[in-house]
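Let's take a walk through this one together. Have the sequence and the 3D view open, and turn the model as we go.

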Amino acid sequence: MSTEKTLILVKPDGVARGLVGDVISRIESKGYSIDAVRMLKADRSLLEKHYAEHVGKAFYEPLVEFMMSGPIVAIVASGNRVIEGFRSLAGVTDPTLAAPGTIRGDLARDQGTKVVQNIVHGSDSPESAVREIEIFFPK
Ligand code: DAT
Ligand code: MG
């Protein structure tokens with residue numbers, strides 16, 4: 001059995017607010033391993049690949065613009081069921097509704113922007129994880 005991996009991003013709002021350490025700490029405290037970390041300023045072509053599933057949605061262009069607005073931190077974390085485990089740590093997409101105790105619930109709120117700013121991204125399936133890890137950590 002190979003250990004499951006997921007791709008986590010600390011988005012520009014999280015980096016700007018100095019929350020990289022807090023996010024990594026929560027991943028480690030839950031018991032997952034940090035396998036790789038990379039800070040980068042994402043360009044449009046990388047984000048178009050990463051967010052391909054959202055092309056055509058009203059928030060797509062604001063999402064790409066937001067993700068290009070400052071540095072981000074890409075993380076590969078691993079552990080049994082880490083994909084669903086990190087999604088649980090992150091909380092639901094809307095930070096107003098994300099439960100207290102989660103990253104989004106504790107650290108984010110609705111800023112009234114066209115795209116929801118919610119600190120982190122986490123892969124949502126094994127297929128997405130493989131695809132997204134290859135985008136941010138090409139071999
Ligand atoms: P998640 O990041 O929880 O997997 P998603 O993949 O559906 O959510 O959307 C990607 C990001 O786009 C999300 O983190 C915040 C933003 N977003 C999603 N739905 C939105 C909406 N209805 N209005 C504004 N921004 C939205
Ligand atoms: Mg998603």
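**Starting at the ligand**

Ligand 1 makes a good place to start, and its surroundings are made up of Lys11, His54, Phe59, Leu63, Arg87, Thr93, Arg104, Lys114, Val115, Val116 and Asn118. Keep in mind throughout that this is a predicted model. Where does ligand 1 sit? Its place is in the largest pocket.

Now zoom in on the polar atoms. One oxygen atom of ligand 1 lies 2.5 Å from an N or O atom in the side chain of Thr93. Asn118 also offers a side-chain N or O atom, this one 2.9 Å from an oxygen atom of ligand 1. With Val116 the backbone does the work: a polar backbone atom there is 3.1 Å from a nitrogen atom of ligand 1. How much of ligand 1 does the protein bury? Taken alone the ligand exposes 520 Å², and the protein buries 75% of that.

From the ligand, step over to Arg87, one of the residues that surround ligand 1. Arg87 belongs to helix α5, which spans 82-90. Its relative accessibility is 40%, so it counts as partly exposed, since the partly exposed class runs between 20% and 50%. Setting aside residues up to four places away in sequence, Arg87 touches Gly122, Ser123 and Asp124. If you'd like a longer reach, look across to Ser25: the two are 62 residues apart in sequence, and their C-alpha atoms are 15 Å apart in space.

Right beside it in the sequence view is Phe86, also placed in helix α5. Is Phe86 buried or exposed? Its relative accessibility is 1%, so Phe86 counts as buried; the cut-off for that is under 20%. Beyond its neighbours within four places in sequence, Phe86 is in contact with Ile8, Ile27, Tyr32, Ile103, Val120, His121 and Gly122. Gly122 is worth a second look, as Arg87 touches that residue too. As for Ile103, it is 17 residues from Phe86 in sequence, with 9.8 Å between the C-alpha atoms.

Before leaving this part of the chain, back up to Arg81. You'll find Arg81 in the loop between β3 (72-78) and α5. What is the sign of its phi? Phi of Arg81 is near 60°, a positive value in a residue other than glycine.

Next, follow the chain past α5 to Thr102, in the loop between α5 and α6 (103-107). Thr102 has a relative accessibility of 9%, so it counts as buried. Its side chain reaches the backbone nitrogen of Gly105 at 2.9 Å. Leave out the neighbours within four places in sequence, and the contacts of Thr102 are Arg26, Ser88, Leu89, Ala90 and Gly91.

On the far side of α6 comes the loop that leads to β4 (120-122), and three of its residues deserve a stop. Take Arg109, which lies in this loop between α6 and β4. At 54% relative accessibility Arg109 counts as exposed, because that class begins over 50%. Not counting residues up to four places away in sequence, Arg109 touches Pro95 and Gln117. Leu97 is 12 residues from Arg109 in sequence and 8.8 Å away in space, C-alpha to C-alpha.

Gln111 is found in the loop between α6 and β4 as well. Its relative accessible area is 45%, so Gln111 is partly exposed. How far is Gln111 from Ile27 in space? The C-alpha atoms are 25 Å apart, for a separation of 84 residues in sequence. You've met Ile27 already, among the contacts of Phe86.

The last stop is Ile119, again in the loop between α6 and β4. Ile119 has 0% relative accessibility, so it counts as buried. Its phi is near 75°, a positive value in a residue other than glycine. And with Asn118 placed against ligand 1, the walk is back where it started.

Definitions and conventions. Residues numbered from 1 in each chain as written. Chains lettered and ligands numbered in written order. Predicted model: local features only at pLDDT ≥ 70, side-chain atom pairs only at ≥ 80, totals over all residues. Heavy atoms only, no water. Helix = DSSP H or I, 4+ residues; strand = E, 2+ residues; numbered from the N terminus. Buried < 20%, exposed > 50% of the residue type's maximum accessible area, 1.4 Å probe, protein only. Polar contact = N/O pair within 3.5 Å; in protein donor to acceptor, adjacent residues only side chain to side chain. Contact = heavy atoms within 4.5 Å. Near = heavy atom within 4 Å. Areas by Shrake-Rupley, 256 points an atom, 1.4 Å probe, with all protein chains shown as cover. 1 Å grid on protein atoms, 1.4 Å probe; cavity = no way out; pocket = protein on both sides within 12 Å on 5 of 7 lines; lining within 4 Å. Sits in = over half its atoms within 2 Å of the grid points.
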